Amino acid sequence: MAEIVAGAAMSHVPAIGVAIDQGNTGDAYWRPLFAGFERSRQWIREVDPDVVIVVYNDHATAFSLELIPTFALGCAAEYQPADEGWGRRPVPMVKGQPELAWHMAQSVILDEFDLTIVNKLEVDHGLTVPLSLMFGQPDAWPCPVIPLCVNVVQYPPPTGNRCLNLGRAIGRAVRSFDRDLRVVIFGTGGMSHQLQSKRAGLINSEFDNRFLDLIAHDPRAAAAIPHVEYLREAGSEGIELVMWLVMRGALDENVREVHRHYHVPASNTAVGHIILENETT
Ligand code: DHB
Ligand code: FE
């Protein structure tokens, strides 16, 4: 049977992708940020997953205000990296895993989570930057990817609790897939940041570090954080953190914290990163 062996969360700031693509990761500004991912790249090489599920948000690239799915699952065979205005990132095509994705759709929808099924999807920095942080710059991504988009752009996004429960349903879906696949799930976005208006540039390290503690060791408390607290404490784009709860819900109640990294700033954002392994694996 398939199993979820581990989860990881990480920011997806577009400027991180540009730094990687342009070979600037050794610059004084970027070095401390990328240093915190060296261990992660080693870790994922060792884990060598068969599939990665990436929980991310589309930033008005594939979807727009005309169509706003709360949760959308990619069931396609491949996903083209998007041109977000400065050309496509020079990263490989993202290969999908349609068999597992369709099984997840069936299992999760019959489990009463009404996902939107997506068979054509261009993937933006929300998905490609986490792949680059974890896998570097390979000629081809080392494993297939299943994208799961969450609406955190247009109010109302799903609650943290709904995201945690969706993660649990994804865990059940993967565990009921009749093939021996080792799956890792990424939750992307965050941490505190606000890109517009009077509080643009807001960073709240105290909130972020508390969230890192909770996501690892008290996910129910993390899931109880209301939207207004994210807005107040982590800024308007800090709401992206609810996607980390999907990742967390797919893991066991108790997990092993393998690695943690926190760095400010990357562009306008506090970068957070955590790797959690299921204790049973
Ligand atoms: C930035 C961060 C994001 O999460 C994003 O989607 C776009 C920009 C930033 O900090 O620049
Ligand atoms: Fe974002």
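**Reading a ligand site and some unusual backbone spots**

Mentor: Ligand 1 sits in the largest pocket. Keep in mind that this is a predicted model.

Trainee: Okay, let's start there. Which residues are around ligand 1?

Mentor: From the early part of the numbering you get His 12, Val 13, Pro 14 and His 59. Further along come His 125, His 193, Leu 195 and Glu 240, and then Ser 267, Asn 268 and Thr 269.

Trainee: How do the residues of that shell divide into nonpolar, polar and charged?

Mentor: Three are nonpolar, seven are polar and one is charged.

Trainee: And what about contacts? Which side chains have a polar atom placed against an oxygen atom of ligand 1?

Mentor: For a polar contact, look for a pair of N or O atoms within 3.5 Å. Here, His 125 has a polar side-chain atom 2.8 Å from a ligand 1 oxygen, and for His 193 the distance to an oxygen of the ligand is 3.0 Å. Glu 240 joins in too, with a side-chain N or O atom 3.4 Å from an oxygen of ligand 1. As for cover, ligand 1 on its own has 290 Å² of accessible area, and the protein covers 88% of that.

Trainee: Let's move to the backbone. What should I have in mind before I look at phi and omega?

Mentor: Most peptide bonds are trans, and most residues other than glycine have a negative phi. The exceptions deserve a look.

Trainee: Where is there a cis peptide bond, and what is omega there?

Mentor: One joins Tyr 155 and Pro 156, with omega about 5°. Pro 156 belongs to the loop that runs between strand S7 (145-150) and helix H6 (160-175). Another cis bond links Gly 190 to Met 191, and there omega is about -10°. You'll find Met 191 in the loop between strand S8 (182-188) and helix H7 (205-217).

Trainee: Now phi. Which residue has a positive phi although it is not a glycine?

Mentor: Glu 112 is one of them, at about 80°. Look for Glu 112 in the loop between helix H4 (98-110) and strand S6 (116-118). Ser 197 also has a positive phi without being a glycine, at about 70°, and its loop is the one between S8 and H7.

Trainee: Are those two buried or exposed?

Mentor: The cut-off for exposed is over 50% relative accessible area. Glu 112 has 64% relative accessibility, so it counts as exposed. Ser 197 has a relative accessible area of 61%, so Ser 197 is exposed as well.

How values were computed:
Residues numbered from 1 in each chain as written. Chains lettered and ligands numbered in written order. Heavy atoms only, no water. Near = heavy atom within 4 Å. Polar contact = N/O pair within 3.5 Å; in protein donor to acceptor, adjacent residues only side chain to side chain. Areas by Shrake-Rupley, 256 points an atom, 1.4 Å probe, with all protein chains shown as cover. 1 Å grid on protein atoms, 1.4 Å probe; cavity = no way out; pocket = protein on both sides within 12 Å on 5 of 7 lines; lining within 4 Å. Sits in = over half its atoms within 2 Å of the grid points. Nonpolar A, V, L, I, M, F, W, Y, C, P; charged D, E, K, R; others polar. Helix = DSSP H or I, 4+ residues; strand = E, 2+ residues; numbered from the N terminus. Buried < 20%, exposed > 50% of the residue type's maximum accessible area, 1.4 Å probe, protein only.
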